[in-house]
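The following report goes through one model, taking up helix packing, charged side chains and a sheet in turn. The sequence and the coordinates are shown first, for reference while reading.

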Amino acid sequence: MIRTHLSPTGDAVAAHFASLGKELAFATSLSENRLGLVRDLLPQDSSIQCGRFSDLISAALSLLNSPGMRVPHRGQIQASIEISGPDEMDSALSWTQLRGLHVALGEAQAELHRWGVSPADLRQCESPRMDQLAGIYERAETHLNAVNREFLFERLLWILSQEPVCLGHLGRIIVLGAEEPYPLQEKFLQWLVDGKTDVEILIEDYSMQGDAWWTGLFTAKVVTEPPIQANIVRAPDVLSEVEWALRGCQEKISNGALPHQIAIFAPSSEEYSPLLKHCADNLGLILSWSPKAELLSNAFASLVLDTLEALVSDDVRDFLRIAQSSYWCLTDADVAELQAEVKEARKLRAGSQARMAEWSQGDNPAQKWLAQLLGWKEEFSQRALSIPAWSVALKQLLALEPLPLAVTDDTWPTSERDLRAVATLTNCLRDYGSILESARSEVQSLREFIRLCRKIWSDELTVLPGSNPSGIPVFSQTDLLRTYDHLFVLGMLEGIMPRRRREDPVLFDSDRAEISQKLNLDPPLLSSHDVAANQRHHFIRLVANTRQTLTLSYPAAGDNRDNVPAFYLHELNRVLGGSVVRFHHRRRQLVPEPSACRASADLRLAKALTEPVLENAPALLTTEDALAKIRLKPEEAVSIRELVRAMDCTFRSSLQYRLGVEQGGQRDPRLRLDRIPRKAKIAQATDTEAVKSALDAAAQDELLDLYGDLEPWEYRIWELAAKRLCEQWLNKETKARAELPSETAETKTYNPDANRIELKIPVDGVSQPVFDLISDLVWATVGYSKFKIVRTFDLSNLPREMRLEDNDWIRLAFLGLASGSPLSMVEVDGPATTRGYAKIDAIQDRQAIRPAFPQHRIGTVLDVGQKVFGDRGDLAGEWREAVRKAVRRVIGSTMMAEPGQYCDSCAFGELCRVSSQFGEVVESP
C-alpha cells in the first residue's frame, strides 16, 4: 500500500489526480465529508471513477458472495440508541445527566466503529460504565438487525476474517485521507493490498518540513518576503463582520476576480448562515452553498405540526392561528369571519368545539377549510394506530387542499425549500417509526403520535436549497476547502477557532486510555488533548489554501460579552514578519469611503450620508377636498379630548378625530379593566356596600368581554388583576368619604344631553363655538359643604411620575367651568391609594387655579399645589392661550406633526415623519 504525502492544499491533490492521466483508477475518501472535495478536484477529462468508501466494501462482499444487510440511515441509528438506553441506564452515572445524551452516544459509537471496537470488546474493560455502554450498543444492534440493517463496521470485521480478494477491475484505488484516524478502514485497505489490489492513500503532511511559507506556523520560522497579503479585521459585532467580509468579496470581483476564485469560511454555520444570506441579498452577491437549518424553522413544517396540535386542542382559537398561514390561501375577509365565529364560540366554553363544527357546514372558503380539517379529525382522533399507519394518515392531511398546490407550484417562492422540508418530515418519521414498530409493536393515539412528531422533528435538520454553483463558495468545515485566490475567514475567536478542549461526555480520557490498553489499539483512541492539538491543522489548511489574499476577521463583542481574538492571529502575524495589515471598523462606520463603495446598496447609503440633511416637509394639506375632510363645520362642537390632543400635535388629533384612522397595534386588555371604576359609577353609590357591589358588577361585565380574547392563563391573570383593582378603589372611596364628609346625601349626575354647555372663544376677531365641554367624560357632582367636587375617572388624566401635566390641568379647569359653580373643587384619582384635589375659580377678571385642602392626605395624596405650580404667575392665562392656539389649528384645518414626549407612545408613529419611536428626526418637523 502506497502512502503519498501531500501538502494540505487542494492544488496538491488536484495535481496528483492530473498526474495519473488516463490510468484506470477509483477515487474515494476515508471521510464521507471529503467525498465532495474529491469529485471537485478530479480533472474534467479524467477516466477516474469517484465513489463512496462503502462501494469498495460492497464490491468485496460481491466477490465473497455475501451481499450482507443494508446500512442503516442516520435516523434509524439514533432511534435504535434512544429506545435502547433510557429504560436501562443508571441515573447515578454522570454522563446520563447531560442534555443530548443520545446524540453523544451515537457519536461515541461511530468513533468506536472506526477502530473496530465492538460491544463485546468494551466488556473486556471490566468497568460498570463500559458494561452498561456495551449493553446499550448491543440492544441498538439488535433493533437494527430486526429491520435487516447492520453497521458498516460489522461488514468490515466479517470481511477481514476472510481470505483477501483483488478488486483489480477498479484499477488503482486512491483514497484521500482524513484528519482523524480510520484504523479499521485502513486494515481493510491493507486486506485489499494482500489480495494484490493497487491501493494508494493520500496523506496531508503537517510535519512542518518544506519550503511553503505556512510551514513556519507554530515554529520559530519567520517569512521575510510574504507571498500573500494577510489582513486582520476587527468588526464591532457579528453582523458588521459579515457585511465587511462580503464588501471585501464585492471589491475583489470589481477588480477582476471571478466569484469561484473567492471563498468564505464561517466556522459556526448556525450563527453565520442567516446573516450571510441576508447581507448577500442586500449587497447583490450570489453565494454557493447548501446550509442546514432546524426543520421546524421552515414555515411549512411548523404549520404541519401546529395543524396537528390544533386538531387535538380544546381551544378553538388554535384554528384561527393556523388559518392565518399563507399556505392555506384564505383571504383577510375569510380570516376575519373565522375570527368572529371563534370569539363567539369561546364564550360557550365547553360547547365551543360543537359550535365551530356546526358553523363549518356553510359554503364560504373559511367554512369549507375548517370542514375538511374537522373531517380528518373525526376520522382519526379516536383511533389507535401503528406508526406506519399514522404516517399514511399524515400524508392524507398533507393532501388537503390547497397545501399540495402551495408546495408544488413552481411559482410559489419557497416551493423548493418546502418540498425538502416535507421529505425530511416523512423520512425521519419513517426511520424512527421503523425501529419503534419493530422493537415495541404498539399502537398510539393521535395525541401520542403528535408528541412523537414534535420530539422527532424538534431535533431534525433540513438542507436548504443551494445557490448558483458559480457564486462565492461558503464553507464551515476545512475538509471541503480547495485552493482559492482570496479567502475570507470569519469568527477568529478563542473557543471557536481554535475550539476549546473538552472531554467527550460518554468516553472520558481515562476510558479511552483503558480501552486502548486493554485492546492493544494502534493507534490508540484520541484523547481530548489530541483533538485540541489537531485544531492547528485546521488553521494551517485554511492559510495554505490561499494564493493571494487572506482576510481573517472577528467580532469585538458578542451578545453579552467582549470577545477574545484567537491567538492564531498573532502567530500568523509573527510568521509573516509583522506584515499583516489590521483594520478596525467602528460601529458607526456603516459603509467604506465613498470612493471605495462597490455595492449599489453601499453607494446609496454613502450618498445619503455625505449629502446635506434635508428637512422633513410638514404634512400640510393644500387641496380643497383634503381640507374639507378635516375642516370643522360651523355648527360642530369640538370635544375636550380632541382639543387637548390638538394642543400636543394636530397631526394626531386630525387622524383620530377628523379622518377616523384607527390606532395601530393590538389593544392592551388592561385598558378594559381601566373602565371598571367608570362603569361602576361609584360616585352615585350611597354607602360602601353599594360601592363594592357596583365595582364587582362592572368587573364581571368587563371580564366577560375579555373571555373570548385571552388565553386561559391570561384570563386568570386579568381576573386576579380586576379583583385587586376593585379592592384598591373600594379602599380609596372609603377613605375619601371619611376624610371629606358630605353635608347632604344628594348626588347629582350630569346629563350631557340636557345640560350641553358650549364655550365661545374669540379667534382672530371672530367668536367661535369651541366644544361640548364634558360630553365625553363620565363624571358626577356631589355636594360637599360649599364646594362642588367634580370626580373624573378618566385614567388618561393620571399624573406622570406623580405629577399632573399642564394639559391635564386644562382639562380639570374645563370641568370646573362645567360644574356651573363659581367655586369648585376637582378630585383626581391616581395610582393605588393616591388622590389629588384642586380648587378652581371660574374665569373672571382674576384668573387662577389654586390648590385646595393641601393638608388632607388620603394614603399618599398628591400635593398638587406645591409640586405643580409654585410661583408660576397667571396660569389661567397660559392655558387660555394654549386653547386659542389649538382652536386656530382645528378651525384652520392645520395637519402638522410636532415632536414631543408623546412620540414614544403615539399609535400613529408609522404614519408620521417626525416620530422618535421609529427612528425619525425629531429636531425639526
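Are H12 and H17 roughly parallel or roughly perpendicular to each other? The model is predicted, and in it H12 and helix H17 (residues 387-398) pack at an angle of about 105°, while their axes are 12 Å apart. Since angles of 65 to 115 degrees count as roughly perpendicular, H12 and H17 are therefore roughly perpendicular to each other. On the H12 side the contact is made by Phe 300, Val 304, Thr 307, Leu 308 and Leu 311, and on the H17 side by Leu 394, Leu 397 and Leu 398.

**The chain as a whole**

These two helices belong to a chain that has 35 helices and 22 strands. Of its 925 residues, 49% are buried. Among the contacts in the chain with a separation of 6 or more, 75% are accounted for by residues 24 or more positions apart.

**Salt bridges**

The count of salt bridges comes to 33, and three of the pairs are set out here with their N to O distances.

| Positive side chain | Negative side chain | N to O distance |
|---|---|---|
| Arg 74 | Glu 460 | 2.8 Å |
| Arg 317 | Asp 315 | 2.8 Å |
| Arg 346 | Asp 315 | 3.7 Å |

The salt bridge between Arg 74 and Glu 460 links distant parts of the chain, for Arg 74 belongs to helix H4 (residues 74-84), whereas Glu 460 is in the loop between helix H20 (446-458) and strand S10 (461-463), 386 residues apart. The two partners also differ in their exposure: Arg 74, at 57% relative accessibility, counts as exposed because the cut-off for that class is over 50%, whereas Glu 460, with a relative accessible area of 15%, is buried because it falls under 20%.

Asp 315 takes part in a salt bridge with Arg 317 and in another with Arg 346. Arg 346 lies in helix H14 (residues 332-346) and Asp 315 in the loop between helix H12 (299-311) and helix H13 (317-323), so this pair ties together parts that are 31 residues apart in sequence. Arg 317 and Asp 315 are both buried; the relative accessibility of Asp 315 is 10%, and Arg 346, at 7%, likewise counts as buried.

Elsewhere, salt bridges link Arg 34, Glu 179, Glu 204, Asp 479 and Arg 541 in a network.

**A buried glutamate without a salt bridge**

Glu 141, which has its place in helix H7 (residues 128-146), is buried yet has no salt bridge. The nearest side chain of opposite charge belongs to Arg 123 and is 10 Å away; because a salt bridge requires the nitrogen to be within 4 Å of a carboxyl oxygen, that pair does not qualify. Once neighbours within four places in sequence are left aside, the residues in contact with Glu 141 are Pro 119, Phe 151, Phe 153 and Glu 154.

**The five-stranded sheet**

Strands of a sheet pair through backbone hydrogen bonds, in either a parallel or an antiparallel manner. In this model, an open sheet of five strands follows the order S1-S5-S4-S2-S3, with parallel pairing. Strand S1 (2-6) and strand S3 (49-50) are its edge strands, each of which pairs on one side only. Strand S2 (residues 25-29) runs parallel to S3 and is joined to S3 by two bridges, and in this pairing Phe 26 stands opposite Gln 49 of S3.

Methods:
Residues numbered from 1 in each chain as written. Predicted model: local features only at pLDDT ≥ 70, side-chain atom pairs only at ≥ 80, totals over all residues. Heavy atoms only, no water. Pairing = 2+ DSSP bridges. Helix = DSSP H or I, 4+ residues; strand = E, 2+ residues; numbered from the N terminus. Buried < 20%, exposed > 50% of the residue type's maximum accessible area, 1.4 Å probe, protein only. Lys, Arg positive; Asp, Glu negative; His and termini not counted. Contact = heavy atoms within 4.5 Å. Axes fitted to C-alpha atoms, helices over the stretch in contact; angles between N-to-C directions. Parallel < 35°, antiparallel > 145°, perpendicular 65-115°, else oblique.
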